[in-house]
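Visitor: I should like to go through the packing and strand arrangement of this model, one point at a time. Please give the reasoning before each result.

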Amino acid sequence: MPPRARSKPADELAPVRLVVGDEGLLVERAVSTAIAAAGRQDPDVEVRTLKANEITAGVLAELVSPSLFAESRVVILEAAQDANAEVTTVLVEYAKAPTDGVALVVVHPGGAKGKALVDGLKKAGAAVTEAAKFKPWENDRRADFVRTEVRQAGGGITGEALSLLMEAVGADLRELAAAASQLVSDSGGQVDADDVRRFHRGRADVTGFAVAEKAVSGDRAGALEALRYALDTGVPHVLVADALADAVRTIARVSAAGRGDPGALASRLRMPPFKVKKAMGQARGWDAPGLTRAMALVADVNADVKGVAADPSYALERATVELAGLAGQARRR
């Protein structure tokens with residue numbers, strides 16, 4: 001009988017790991033964890049990231065073959081649902097007899113397309129990480145996620161505080177994760193209802209997303225005013241930075257999808273229709289170089305507010321001004 005899919009812990013390096021799901025945060029964490037695990041074994045590990053529809057079976061077979069110089073390697077195959085039959089065969093055969101020193105991470109969004117590959121890897125014994133989006137009604141799973149985030153940050157959270165946090169932040173896992181981490185840091189460990197209320201003081205009036213919306217619309221003055229008010233009323237730096245990143249990523253995804261009915265695009269992109277419609281308006285005038293600069297900008301400010309910059313408020317202000325400037329240039333085209 002073929003080996004069954006293993007439940008190897010996500011923080012251990014598996015020869016073959018299958019990441020199944022479309023929740024961006026969970027997918028990113030699974031991939032990053034695999035790379036970090038490989039790095040602990042070999043600081044000089046080589047990391048290769050490829051798209052399934054951009055690789056041939058021959059190139060893939062070469063990548064997962066033993067190195068002549070015994071160099072370790074992590075091969076990350078994204079969008080595995082687009083793998084052709086030959087690539088699928090190589091992947092499944094490799095999972096049955098993986099090579100020492102080569103870790104393979106296969107990322108599949110779930111769903112019917114490419115399901116044969118998922119089933120084949122599971123039967124071959126690949127370690128599996130589930131990364132599906134939480135359904136709107138899965139509040140218990142969302143609550144467990146927050147508790148885990150708090151615990152991993154070294155703290156605890158009361159039931160009342162957990163309810164208040166989920167009500168204030170909503171369903172977005174990135175925001176919940178950032179808020180949980182920041183709350184533990186601010187509270188010294190144990191998070192109670194008063195900590196959450198202080199943390200979200202004024203959040204109903206101005207959020208990070210309000211700042212981001214004005215910035216990507218080219219409203220420099222409005223974005224700066226919203227930013228200063230948000231920071232003055234206690235909105236955490238990390239939530240504003242995450243909102244800027246989310247706005248730019250959304251515009252980039254909608255731009256790449258091309259024109260079409262917002263409802264149809266929303267289904268294809270797995271985004272709410274209202275968000276797609278808004279992004280379609282914001283995306284007018286943006287070109288590839290501009291979006292590349294914007295993506296780099298929001299990536300830098302996310303690092304800045306998480307410890308790189310000496311003054312996170314200044315880093316956010318600078319990034320907001322630059323992003324609004326890029327958006328303004330796009331609108332003038």
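Visitor: Which residues touch the most other members of the largest nonpolar core, and which helix gives the largest share of this core?

Guide: The model is a predicted one. Its largest nonpolar core has 72 residues, of which V105, F145, V146, L165, W286, L316 and L323 touch the most other members. The largest share, 11 residues, is contributed by residues 237–257, that is, by helix α11.

Visitor: Which residues does F145 touch, leaving aside those up to four places away in sequence?

Guide: F145 is one of the residues with the most contacts to other members of the largest core. With residues up to four places away in sequence not counted, F145 touches L25, L26, R29, F134, L173, L176 and A177.

Visitor: How many residues does the other core hold?

Guide: This core lies apart from the largest one. Its members include L18, V87, V90 and L121, and its size is 29 residues.

Visitor: In what order do the strands of the open sheet lie, and which are the edge strands?

Guide: The sheet has five strands with parallel pairing, in the order β2-β3-β4-β1-β5. From one strand to the next, the twist averages 15°. Two strands pair on one side only, and these edge strands are β2 and β5.

Visitor: Why is strand β3 described as largely enclosed by the rest of the structure?

Guide: Buried here means under 20% relative accessible area. Strand β3 spans residues 73–78 and is largely enclosed because the number of its six residues that are buried is five.

Visitor: Which residues are the bridge partners of R48 and I76?

Guide: Strand β2 (residues 46–51) pairs with β3 in the parallel sense over six bridges, and five bridges join β3 to the parallel strand β4 (residues 102–108). The partner of R48 lies in β3 and is V75. The partner of I76 lies in β4 and is V105.

Visitor: What is the handedness of the crossover from β3 to β4?

Guide: The chain leaves β3, passes through helix α3 (residues 85–96) and reaches β4. This β-α-β crossover is right-handed.

Visitor: Where do the buried residues of helix α14 lie around its axis, and against which helices do they pack?

Guide: The buried residues of α14 (residues 288–308) are G290, L291, A294, L297, V298, V301, N302, D304 and V305. They cover an arc of only 155° around the axis, so they lie on the same side of α14. The face turned away from the buried side carries exposed residues, including T292, R293 and K306. The helices against which the buried residues pack are α11 and α15.

Definitions and conventions
Residues are numbered from 1 along each chain as its sequence is written. This is a predicted model: local features need pLDDT of at least 70, side-chain atom pairs count only at pLDDT 80 or more; totals for chains, interfaces and linings use all residues. Side-chain values use heavy atoms; hydrogens and water are left out. A nonpolar core is a set of buried Ala, Val, Leu, Ile, Met, Phe, Trp, Tyr and Cys residues joined through side-chain atoms within 4.5 Å. Buried means under 20% relative accessible area, exposed over 50%, partly exposed in between (1.4 Å probe, protein chains only). Helices (H or I, at least four residues) and strands (E, at least two) are DSSP runs, numbered from the N terminus. Contact means heavy atoms within 4.5 Å. Two strands pair if DSSP finds at least two bridges between them. A crossover is right-handed if, with the strands pointing away from the viewer, the path from the first strand over the helix to the second runs clockwise. Axes are lines fitted to C-alpha atoms, for helices over the stretch in contact, and angles run from 0 to 180 degrees between N-to-C directions. The arc is that of the directions from the helix axis to the C-beta atoms.
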